[in-house]
Amino acid sequence: MTTSLPVLASTREELSTLLADARRSGLRVGLVPTMGALHEGHASLMREARDRVGDGPVVVSVFVNPLQFGAGEDLDRYPRTLDADLEVCAREGVDVVFAPSVEEVYPGGDPMVTVEPGPQAEVLEGRSRPGHFRGVLTVVAKLFGLVRPDVAVFGQKDYQQLALIRRMAEDLCLGVDVVGAETVREAGGLALSSRNRYLDEEQRLEALALSRALRAAQEAAAYGVGPALDAARAELRAAHAVDLDYLEVTAPDLSPLPDPVPPGTVARVLVAARVGTTRLIDNMPLVLGHPEGRPDHEPDHEPDHQQGER
């Protein structure tokens, strides 16, 4: 059985033409923004988008966005695998792949008007990567304007990114249902990421410490924030090749937790670390002061951000 490739659009005009019939027919449009190098995690986002829009078109964007890379980051070596990406999209029944050039997205160079991400972008990843989320939100806003999706699906692995995009969609009244899909993991627990391909066999084993640390935090969460972080740090210390950037527990919207923390408070534990030269991030939900320590599953949306969700 052969699966036909999705239609490839490389310009704004081509994209608009391909979506015109769907818009006239009132079909829902789904968008999965990616930087390519697609894997099973991305495929799960495509399936989620399909579930949300039914017979409407699913669009996957493939664009390595230079605006979100800082000096010394891996823009030049970030994998670009469009032919393989099209095969992944074909297997998942994607209708349109939008793969524009940098000049098509940013005609005339860096934009003069960008999206200011606000204070939530100054913590965690934003502290380590100044300007990163300005670039992320600017390109996502552009994609929302070009595709005009009803639903846009992002992975929970990039949790801070998801929270900021939700905030942008709400604050700017963009009319897009921003969905957060659960993190897909390898058998050992490592969160799927395009950057995992940079890890050699030994580094991949060391990188499993990140998910072990988050699980340890979940197990200890019944005893509070301090014990949860202590349990996670113990796992990370045992992995000698892991260079920790941050390990924090926050409220679901990334704000600080109340003091004292009421029992049963839903929170998020987030970690970033380098393994060799590869920077990895991960996160998991947890429930503080509750005997279970973790939700039954990773929720699509948190209590404070239910507007505009499913």
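Which residues in α8 meet which residues in α9? Let's get our bearings before answering. You're looking at a predicted model, in which local features need pLDDT of at least 70, side-chain atom pairs count only at pLDDT 80 or more, and totals for chains, interfaces and linings use all residues. Residues are numbered from 1 along each chain as its sequence is written, and side-chain values use heavy atoms, with hydrogens and water left out.

A quick word on labels: helices (H or I, at least four residues) and strands (E, at least two) are DSSP runs, numbered from the N terminus. Contact, touching or meeting is about heavy atoms within 4.5 Å.

Now for that opening question. On the α8 side you'll find Ala209, Leu210, Arg212, Ala213, Ala216, Ala217 and Ala220, and these meet Pro227, Ala228, Ala231, Ala232, Glu235 and Leu236 in α9. Sort the residues of this contact and you get 11 nonpolar, no polar and two charged. For that sorting, Ala, Val, Leu, Ile, Met, Phe, Trp, Tyr, Cys and Pro count as nonpolar, Asp, Glu, Lys and Arg as charged, and the others, Gly among them, as polar.

How do the two helices lie against each other? Two packed helices are described by the angle between their axes and the distance between the axes. Here, the axes of α8 (residues 201-220) and α9 (residues 225-237) come within 7 Å and cross at roughly 155°. That makes α8 roughly antiparallel to α9. The axes are lines fitted to C-alpha atoms, for helices over the stretch in contact, and angles run from 0 to 180 degrees between N-to-C directions. Under 35 degrees counts as roughly parallel, over 145 as roughly antiparallel, 65 to 115 as roughly perpendicular and the rest as oblique. α8 also passes α9 in a right-handed crossing.

Try the same reading on another pair. The axes of α6 (residues 132-147) and α7 come within 10 Å and cross at roughly 55°, which makes α6 oblique to α7. Phe133, Val136, Leu137, Val140, Ala141 and Phe144 in α6 meet Gln160, Gln161, Leu164, Ile165 and Met168 in α7. This contact divides into nine nonpolar residues, two polar and no charged.

Keep an eye on Gln161, because UniProt (unreviewed entry) places the feature "binding site" at Gln68 and Gln161. They span 94 residues in sequence, yet no two of their C-alpha atoms are more than 11.4 Å apart, so they gather at one spot. Gln161 is found in helix α7 (residues 159-171), while Gln68 is in the loop between β3 (58-62) and α3 (82-91).

Are these two buried or exposed? Gln68, at 10% relative accessibility, counts as buried, and so does Gln161 at 18%. Buried means under 20% relative accessible area, exposed over 50%, partly exposed in between (1.4 Å probe, protein chains only). Leaving aside neighbours within four places in sequence, Gln68 is in contact with Met35, Glu73, Arg129, His132, Gly135, Val136 and Val139. With residues up to four places away left out, Gln161 touches Phe133, Val136 and Phe154.

Last stop: helix α2 (residues 40-53), home of Glu48. His42 is found in α2 too, and UniProt (unreviewed entry) places the feature "active site" there, at His42. His42 is buried, with a relative accessible area of 12%. Leaving aside its neighbours within four places in sequence, His42 is in contact with Thr34, Gly36, Ala37 and Ser194.

Methods
Left-handed = near helix turned anticlockwise from the far one by under 90°. UniProt positions renumbered as here; feature names shortened; annotations may be inferred.
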